[in-house]
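Me: I'm new to this one and would like to learn how to read it. Can you walk me through a few features, one at a time?

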Amino acid sequence: MLRPGGKGCAQANAYGVYANIAYFKDWIAAKTSGVSYPQRFNTLSSDQNIQVETPLTNYGTESFDVTNFELPEGVTVASNTCTSTLNQGDSCAVTMNIDRKAAGFLSYQAGQDLTYKIITDHAEASELQVKVHFNNIYQEDATESAGSTTGSGSTSSSSGSGGASFGLLIFSLFGLIIRRRYR
């Protein structure tokens, strides 16, 4: 268990925030493995077809290869520069074509998620899960052609390595400030 800040446990008039670390064991191992990649993309695109580029960087000492992909309906690999072993400090990228209609999304529904996986032979980060969140509804393409892409839209991502440590630091500092304020 992790409990940020404060003295003792379950004190009257004192907050407590607890996390079951064992539940997050796999997530923590993947985040500290040295493999950096964006785990979530938020897109504001209203296009039916978009492209999402997923860069990978090996900050760790274990070399690894991208071996496969687990792609849902409507997702295809547009380009892949991850064709050789990623040694420490190496980077590559995989670009996915996503057809929202082929993925089963209805054009009038916003707030939908799609997840694909990049499979590696890394001991601790063997499945790199990437979630794409579509904030807006989409306009169906006038011309239906398999595998076509009309644009990448606007995307933002949250990176994997280091973000969790920084988040825990900020969370702990926030807890200390609040704790001192109510003393």
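Reply: Sure, let's start with a disulfide: Cys 82 is joined to Cys 92, with the two sulfurs 2.0 Å apart. Keep in mind that this is a predicted model.

Me: How many disulfides does the structure hold?

Reply: Just 1.

Me: Which parts does the Cys 82 and Cys 92 pair tie together?

Reply: To read that, find where each cysteine sits. Cys 82 is in the loop between strand 5 (75-80) and strand 6 (91-99), while Cys 92 is in strand 6 itself, so the bond links parts 10 residues apart in sequence.

Me: And what is the handedness of the disulfide?

Reply: For that, look at the torsion about the S-S bond. Here it is about 95°, so the disulfide of Cys 82 and Cys 92 is right-handed.

Me: Is Cys 82 buried or exposed? And what about Cys 92, buried or exposed?

Reply: The cut-off to remember is that buried means under 20% relative accessible area. Cys 82 has 3%, so it is buried. Cys 92 has 7%, so that one counts as buried too.

Me: Let's move on to aromatic rings. How many aromatic pairs does a search of the whole structure find?

Reply: It finds 1. In general, you describe such a pair by how far apart the ring centres are and by the angle between the planes. In this case the rings belong to Phe 105 and Phe 134: their centres are 5.6 Å apart and their planes are at 70°, so the pair is edge-to-face.

Me: Where do Phe 105 and Phe 134 lie?

Reply: Phe 105 is in the loop between strand 6 and strand 7 (112-120), and Phe 134 is in strand 8 (residues 127-134), so this pair ties together parts 29 residues apart in sequence. Phe 105 is buried at 13% relative accessibility, and Phe 134 is buried at 1%.

Me: Which strands does strand 8 pair with?

Reply: Look for the bridges and the direction of each strand. Strand 2 (residues 38-43) runs parallel to strand 8, with 4 bridges joining them. Across that pairing, Thr 43 stands opposite Phe 134, a residue you met in the aromatic pair. Strand 7 runs antiparallel to strand 8, with 8 bridges, and there Thr 115 stands opposite Lys 131. A hairpin through 6 residues joins strand 7 to strand 8.

Me: Last one: what pLDDT does the protein average?

Reply: The average is 81, and 71% of the residues score at least 70. Over residues 145-154, though, the pLDDT is below 50; that stretch has 21 contacts in the model beyond near neighbours in sequence.

Definitions and conventions. Residues are numbered from 1 along each chain as its sequence is written. This is a predicted model: local features need pLDDT of at least 70, side-chain atom pairs count only at pLDDT 80 or more; totals for chains, interfaces and linings use all residues. Side-chain values use heavy atoms; hydrogens and water are left out. A disulfide is a pair of cysteine sulfur atoms within 2.5 Å. Helices (H or I, at least four residues) and strands (E, at least two) are DSSP runs, numbered from the N terminus. Buried means under 20% relative accessible area, exposed over 50%, partly exposed in between (1.4 Å probe, protein chains only). Rings of Phe, Tyr and Trp (its six-membered ring) pair if their centres lie within 6.5 Å; planes under 30 degrees apart count as stacked, over 60 as edge-to-face and the rest as tilted. pLDDT is the predictor's confidence in each residue, from 0 to 100. Contact means heavy atoms within 4.5 Å. Two strands pair if DSSP finds at least two bridges between them.
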